[in-house]
Amino acid sequence: MTLKEYLGYAFFISFCTAFSMGAASQQANKYLSDELSNPETLQLMKGFPPPHDKRVTLPDSNFFSFPKLRWSVCNMRALLPTAAIKRNAYFVNVLPYKPLAKIESLVFNALSSTNKMTVAQSLSTNYTDGLLVIHNGNIVYEKYRGCLKPDSNHAAMSMTKSLTGLLAEILIAQGKLDETELVKNIIPELSSSGFGDATVRQVMDMTTSIFYSENYADPQADIWRYSYAANPLPKPASYKGPVGYFEYLQTIKKDRQHGREFGYKTVNSDVLGWIIARTTGMKYDELASELVWSKLGMEYSADITVDALGTPFAGGGMSATLRDLARLGLAVLNHGKVNGMQMIPTGAIASIRRGGDKKAFSKAHFAMLNGGSYRSMWWHFHNKHGAFAARGVHGQTIYIDPTANMVLVRLASHPSAANSVIDPTSLPAYQAIAEYLLTLNSSSE
């Protein structure tokens, strides 16, 4: 079997791991509109069996190409092998529902434009599948579109990284993991790799310096070898390369000195996933369930894709419901507390909320995140509200605004993977909602 025959899965890996890629230059107007690309409108995977031209399958279909991805994001478990991040069946954190109708009519200016847009208009502009806003602990806005239903798990993409970072911070707060320890002392198999002499903190903040290309236009780029190694489908007899995430990570070489600049490379997340598994003796999915998912009152178990050896994809494989992702964001906003009970160590949340090295971050030249930083796999905007977020390609976000006491979760299936395309009509919408909610805080004082 050739690499070409694996492209369906390779596309999935590329979109989950990419934050900025060639698609960033593509404009949404080259694609079907939000309404016309709705999987219900297209009748994707409808029928028993579905017609050939309506099928979204693996490996013969590029299931993460647009518009097929608009169905795929809600059906990863049907396409790929997954493990469950289990909830606690005896504890659900019920979120009070107090809707505010005005949110959809709020008006904002898109970045780098004088064009005004309402929040409602931004939903279709950004191919939104779901949007939920929590203010002062109450759901004040909730919308489901496209493939998404209240009980649907939706691909979180690189928001998975933020869960991975949180797990590492919890272990640090518990005294089980030392952020100053060298990777090779925890994982001897990585001693001769580019990660060997990096610290755990440098991995967590992606300030490692490694030879690793995520240039999707280059068929010889590292991302494709990484995708091929991680592919859960059987390898051909002629294949002699690494099998699975852990074997591939051992092949990565060092570039320059670690710690000097930020470089967004998903392999850091998989190294961190290996670190926390080796430290605890638990698989990623089991650890995520024990330390987070079972403690926050989640309504549904999450899914996470795995490689051929059953290793979860710590850099982008999670799928979860809109409300459960909001529960995760709410716990982080509330310093690890759920209904007044400390479920996550305060030190873990405090470390994340501290933000990262702005100077190191600036060297990555994220135009839409000027002045930002990255710490423990969370993005910090350092705006006037002190907002920070978990972010993933195609428009996924858990946006936390401490000043407005707001958590906003948006799940989407935008045709462009790059958030740099989506941010101009997303970030100002989040700010407009936060500022409106602040007026409600003031009027209630």
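This report walks through strand β4, some salt bridges, the packing of helix α6 and a few backbone oddities. Keep in mind that the model is predicted.

**Around strand β4**

Let's start with Thr128, which sits in strand β4, a run covering residues 128-135. Thr128 has a relative accessibility of 1%, so it counts as buried, the cut-off being under 20%. Leaving aside residues up to four places away in sequence, Thr128 touches Asp34, Arg70, Ser122, Leu123, Arg145, Arg410, Leu411 and Ala412.

Gly130 belongs to strand β4 too, and at 0% relative accessibility Gly130 is also classed as buried. The contacts of Gly130, again not counting residues up to four places away in sequence, are Lys143, Leu148, Leu322, Val409, Arg410 and Leu411. Pro49, on the other hand, is 28 Å from Gly130 in space, C-alpha to C-alpha, and 81 residues from it in sequence.

Then there's Tyr127, found in the loop between α5 (119-125) and β4. Phi of Tyr127 is near 50°, which is a positive value in a residue other than glycine. Tyr127 is buried as well, with a relative accessible area of 3%.

**Salt bridges**

How many salt bridges does the structure hold? The count is 19. As background, side chains of opposite charge can pair when their charged atoms come close. Here are three of the pairs, with the N to O distance for each.

| Pair | N to O distance |
|---|---|
| Arg145 and Asp34 | 2.6 Å |
| Glu104 and Lys143 | 3.6 Å |
| Arg327 and Asp324 | 2.8 Å |

Two of the partners in the first row have already turned up: Asp34 and Arg145 are both among the residues that Thr128 touches. Arg145 forms its salt bridge with Asp34. Arg145 lies in the loop between β5 (138-144) and β6 (154-155), while Asp34 lies in the loop between α1 (7-17) and α2 (39-42), so the pair ties together parts that are 111 residues apart in sequence. Arg145 counts as buried at 17% relative accessibility, and Asp34 counts as buried at 6%.

Glu104 and Lys143 also meet in a salt bridge. Glu104 is in the loop between β1 (82-85) and β2 (107-109) and Lys143 is in strand β5, so this pair links parts that are 39 residues apart in sequence. Are these two buried or partly exposed? Glu104 counts as partly exposed at 25% relative accessibility, and Lys143 gets that label at 32%. Lys143 is one of the residues that Gly130 touches.

Arg327 and Asp324 make a salt bridge inside one helix. Both residues lie in α13 (residues 322-333), three residues apart, or about one turn of the helix. Both Arg327 and Asp324 are buried. Elsewhere, salt bridges that share partners join Glu169, Glu179, Arg201, Asp205 and Arg375 into one network.

**Helix α6 and its neighbours**

Helix α6 (residues 159-173) packs against helix α14 (residues 346-353) at an angle of about 130°, with the axes 8 Å apart. The two helices are therefore oblique to each other, and α6 passes α14 in a right-handed crossing. On the α6 side, the contact is made by Leu166, Glu169, Ile170 and Ala173; on the α14 side, by Gly347, Ala348, Ile349, Ser351 and Ile352. Sorted by class, that contact has six nonpolar, two polar and one charged residues. Glu169 is also one of the members of the salt-bridge network.

Helix α6 packs with helix α11 (residues 267-280) as well, at an angle of about 35° and with axes 10 Å apart. This time α6 makes a left-handed crossing. Lys161, Thr164, Gly165, Leu167, Ala168 and Leu171 of α6 meet Ser269, Leu272, Gly273, Ile276 and Thr280 of α11. The classes here come out as five nonpolar, five polar and one charged.

**Other backbone oddities**

Just before α6 comes Met157, in the loop between β6 and α6. Met157 is a non-glycine residue with a positive phi, near 55°, and it is buried, with a relative accessible area of 0%.

Where are the cis peptide bonds? One joins Phe48 and Pro49, with omega about 5°. Another runs from Phe66 to Pro67, with omega near 5°. Pro49 is in the loop between α2 and α3 (69-72), and Pro67 is in the loop between α2 and α3 too.

Technical notes
Residues numbered from 1 in each chain as written. Predicted model: local features only at pLDDT ≥ 70, side-chain atom pairs only at ≥ 80, totals over all residues. Heavy atoms only, no water. Helix = DSSP H or I, 4+ residues; strand = E, 2+ residues; numbered from the N terminus. Buried < 20%, exposed > 50% of the residue type's maximum accessible area, 1.4 Å probe, protein only. Contact = heavy atoms within 4.5 Å. Salt bridge = Lys/Arg side-chain N within 4 Å of Asp/Glu carboxyl O. Axes fitted to C-alpha atoms, helices over the stretch in contact; angles between N-to-C directions. Parallel < 35°, antiparallel > 145°, perpendicular 65-115°, else oblique. Left-handed = near helix turned anticlockwise from the far one by under 90°. Nonpolar A, V, L, I, M, F, W, Y, C, P; charged D, E, K, R; others polar.
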